[in-house]
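I opened my notebook to look up what surrounds the ligand and where the backbone does something uncommon. I wanted each entry to be short enough to check by eye.

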Amino acid sequence: MNGKSTVKPSFPAKMDLSVGKGVKTHVAAPVAQKLQFVNPSSASKLVKIAPAIPQGLGMDSSTFRARMVRKLANQGITDARVLNAMQTTHRHSFVDTALANQAYEDTSLPIGWGQTISKPNVVARMVELLFEGKKGNLGRVLEIGTGCGYQAAVLSHIAHEVYSIERVAGLYEKARENFRPFRIKNTHLLFGDGMLGFPKGAPYTGIIAAAGGDAIPQAWVDQLAVGGRIVAPVTNKVSGEQSLVVVDKTESGLTRTVLELVQFVPLKSGVT
Ligand code: SAH
């Protein structure tokens, strides 16, 4: 398999084993107690299958999430769908056990392979932007940079269907492992180069990138539906500064809005 191909999703998505040859895979350290969703699209139907006292958190993790969500609301996140998804998604289950006690702090955390899980307020901000002005559940969303899978899980609560693509085989495996205890049926985890998008799932009503290049790849624009939006960090070639950029596709063309400065890992081509 060359570096440019992607693996077609299936439920659960399968990895092309030819890709993994010679690649060190990593199985996420088990988190002591995980919870399981009955219906991923409904926060209210979250069912506990184990006591909700994650190791290192010392008390019910929902209390920590509620505190995090209050903070997000104070920081200006207003979309109830986003706040609800942030309340529902167990961030502590997506980081290594040793970091679980920091999972609800407003901080990015290492997830291995030199990558990080974004801060909760960055995730909430980007997801809110993606759904801005859209009523109900967003149709099909493409996420570039699955990482540990946290943001994909957040998206799964709001989008009808999520395609999330990761270029690092070890992280792709880790995300799959992290997803396992939750029955998230509307999310396809894919291994491949997200710079090429994922044409088989197109058109997307939303495309969100967790890694920043110096331009928005044309493939993303091509795979975006009319009425859809891209939210991505983009690095200015001259200043070297990275900003959040929103691209809206309308009948009459594209509009591009540059927002606040951000710090994301680089968008890289190919797979590893
Ligand atoms: N949303 C993630 C954040 C992961 S960090 C989370 O919740 O954990 C960004 C990720 O983008 C990294 O895992 C990095 O490997 C990945 N990435 C960078 N360039 C990519 C590309 N071209 N295609 C797919 N993933 C890419």
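My entries on the ligand, the pocket and the backbone follow.

**Ground rules.** I noted that this is a predicted model, in which local features need pLDDT of at least 70 and side-chain atom pairs count only at pLDDT 80 or more, while totals for chains, interfaces and linings use all residues. Residues are numbered from 1 along each chain as its sequence is written, and side-chain values use heavy atoms, with hydrogens and water left out.

**Around the ligand.** I looked up which residues are near the ligand (a heavy atom within 4 Å of it), and found 27 residues in the shell, the closest being T116, E166, D193, G194 and K268. I sorted the shell into 14 nonpolar, eight polar and five charged residues, where Ala, Val, Leu, Ile, Met, Phe, Trp, Tyr, Cys and Pro count as nonpolar, Asp, Glu, Lys and Arg as charged, and the others, Gly among them, as polar. For helices (H or I, at least four residues) and strands (E, at least two) I used DSSP runs, numbered from the N terminus. The strand β4 (115-117) gives the most to the shell, with three residues, and α5 (150-156) is one of the elements that supply at least two.

**Polar atoms.** I then looked for N or O pairs within 3.5 Å. A ligand nitrogen is 2.5 Å from a polar backbone atom of K268, a ligand nitrogen is 2.9 Å from an N or O atom in the side chain of D193, and a ligand oxygen is 3.2 Å from a polar backbone atom of C148. Taken alone the ligand exposes 580 Å², of which the protein buries 99%, by the Shrake-Rupley method with a 1.4 Å probe.

**The pocket.** Where does the ligand sit? I found the ligand in the largest pocket, meaning that more than half of its atoms lie within 2 Å of the pocket's grid points. A pocket is an open set of points, on a 1 Å grid over the protein atoms alone, where a 1.4 Å probe fits, with protein on both sides within 12 Å along at least five of seven lines; lining residues have an atom within 4 Å of a point. The lining holds 36 residues, with T116, S118, A210, F264 and V265 nearest the centre.

**Backbone.** Most residues other than glycine have a negative phi, and most peptide bonds are trans. I noted that W113 has a positive phi, near 55 degrees, and that the bond from A202 to P203 is cis, with omega near 0 degrees.

Technical notes:
Polar contact = N/O pair within 3.5 Å; in protein donor to acceptor, adjacent residues only side chain to side chain.
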